[in-house]
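Look at the sequence and the model below. This report walks through surface, salt bridges, core, cavity and loops in turn.

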Amino acid sequence: MFTQAKKILKGAKQGGYAVPAFSTSNLEITQAIIRGAVKKKSPLIVLVSPRSIKYAGAATIVAMVKSITEEEAKNIPVALLLDHGKNLKTVKEAIKAGFSSVMIDGSSLSFKKNAALTKNVVRYAHRYKVDVQGELGGVPYFKKNPEKVDWEKVMTDPDKAQEFVKITGVDTLAVAIGNAHGFSKERENLDWNRLNEIHKKVNLPLVLHGASDFKYKNAPRAIKGGVACFNIDTALKIAFFNSLKKFLKNNPKVYDPREILEFTSCAVQKVVEEKIEAFGSAGKI
């Protein structure tokens, strides 16, 4: 019942807009993501990381997303994508559980090993009509990288990107042009020339990870450069955390988790709707 992410992103690329992909790990955030997409009439990609699968269970997450989608979003194309899978075993588990799309992240490996791993994942996933996102280049993590990053070493090489796509047969490609996960300090100026070169050489929808704090004014430029998807995680977690603190501070006698978490879910949904508007997918269904 889930849609392949590549179908959603091909439509975005052709239509000149981008679709935000949102990470989830629990019921309230999932409700917020799906309800935000329904309200804004936007296609949707729901991301689930291996850590979230470990936390909640793959079958449980699939059932949860499927149930809410069937109940509340029958007319919304929804892809369920494994985010940052690190090996074929994790990919197989996700596909078995019912994911429609997977990402294999071999970006920390050498080019040769990344290409070999990604090619194997593509070969396996395509047997089950599951599309694959690969990644080439490095997108720094908030707590794992020094403040100063040698961007020239981690950003995606356009020629290598062309070779990578040819070798692996991936359906979409995550690239690095100075973007960073979480609220890491990004490159002062994103490398737009690099993005444009990648776009010329790679005829696939491109994905930018670490887009929670992406400057909205840059969205049209990124989309023109082939970006069809922005991944959002940290912004949702912060909205959840801040709203939870606020509610508990203002309502110290409330102990019903339904009342507390409904408030946090509404706060997350506002962020979802804001991102959908900013990246242009509102009203695209």
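## Charged pairs and the surface

Lysine 39 counts as exposed, because its relative accessibility is 57% and the cut-off for exposed is over 50%. This is a predicted model. Its partner tells another story. The side chain of lysine 39 forms a salt bridge with glutamate 273, with N and O 3.8 Å apart. Glutamate 273 has 12% relative accessibility. Buried means under 20%, so glutamate 273 counts as buried.

Where do lysine 39 and glutamate 273 sit in the chain? Lysine 39 is in helix H2, residues 27-40, and glutamate 273 is in helix H12, residues 257-279. The pair is 234 residues apart and links distant parts of the chain.

A further salt bridge joins lysine 40 and glutamate 277, whose closest N and O atoms are 2.9 Å apart. Lysine 40 lies in helix H2 and glutamate 277 in helix H12, so this pair ties together parts that are 237 residues apart in sequence. Lysine 40 has 21% relative accessibility and counts as partly exposed. Glutamate 277, at 45%, also counts as partly exposed.

Lysine 237 and aspartate 233 form a salt bridge too, at 3.3 Å from N to O. Aspartate 233 is partly exposed, with a relative accessible area of 27%. The count for the structure comes to 11 salt bridges. Three of them are set out here.

| Lysine | Acidic partner | N to O distance |
|---|---|---|
| Lysine 39 | Glutamate 273 | 3.8 Å |
| Lysine 40 | Glutamate 277 | 2.9 Å |
| Lysine 237 | Aspartate 233 | 3.3 Å |

Now take glutamate 72. This residue is found in helix H4, residues 58-72. Glutamate 72 is partly exposed, with a relative accessible area of 32%. Leaving out residues up to four places away in sequence, glutamate 72 touches Arg35 and Val38. How far is glutamate 72 from lysine 237 in space? Their C-alpha atoms are separated by 23 Å, and the two residues are 165 apart along the chain.

## Inside the fold

Next comes the interior. In soluble globular proteins, nonpolar side chains tend to be buried together. The largest nonpolar core here has 70 residues. Which of its members touch the most other members? They are Leu44, Val102, Leu173, Phe214, Phe230 and Leu236.

Phenylalanine 214 shows what such contacts look like. Leaving aside neighbours within four places in sequence, phenylalanine 214 is in contact with Leu190, Trp192, Leu208, Ala219, Ala222, Phe230 and Phe279. There is also a second, separate core of 16 residues, which includes Tyr17, Ala21, Ile45 and Ala228.

Is valine 121 buried or exposed? Valine 121 has a relative accessible area of 0%, so it is buried. Valine 121 lies in helix H6, residues 111-127. Not counting residues up to four places away in sequence, valine 121 touches Leu88, Val91, Val102, Ile104 and Val132. Methionine 64 is 57 residues from valine 121 in sequence. In space, the two are 26 Å apart, C-alpha to C-alpha.

## One cavity

Rolling a probe the size of a water molecule over the atoms shows where empty space is left. A search of the whole structure finds 1 cavity of 30 Å³ or more. The largest cavity has a volume of about 40 Å³.

What lines the largest cavity? The lining is made of Ala5, Leu9, Ala21, Ile45, Leu47, Leu81, Asp131, Gln133, Thr172, Cys229 and Asn231. Four elements give two or more residues each: helix H1 (5-15), strand S2 (44-48), strand S5 (131-136) and strand S8 (227-232). The lining residues divide into 7 nonpolar, 3 polar and 1 charged. Two lining residues, Ala21 and Ile45, are also among the members of the second core.

## Two loops with positive phi

Finally, look at the backbone. Most residues other than glycine have a negative phi. Lysine 41 has a positive phi, near 55 degrees. Lysine 41 lies in the loop between H2 and S2. Lysine 129 also has a positive phi, about 60 degrees, although it is not a glycine. Lysine 129 lies in the loop between H6 and S5. With a relative accessible area of 68%, lysine 129 is exposed.

Methods: Residues numbered from 1 in each chain as written. Predicted model: local features only at pLDDT ≥ 70, side-chain atom pairs only at ≥ 80, totals over all residues. Heavy atoms only, no water. Core = buried A, V, L, I, M, F, W, Y, C linked by side-chain atoms within 4.5 Å. Buried < 20%, exposed > 50% of the residue type's maximum accessible area, 1.4 Å probe, protein only. Contact = heavy atoms within 4.5 Å. 1 Å grid on protein atoms, 1.4 Å probe; cavity = no way out; pocket = protein on both sides within 12 Å on 5 of 7 lines; lining within 4 Å. Points joined across faces, edges and corners; volume = space filled by probe spheres on them. Nonpolar A, V, L, I, M, F, W, Y, C, P; charged D, E, K, R; others polar. Salt bridge = Lys/Arg side-chain N within 4 Å of Asp/Glu carboxyl O.
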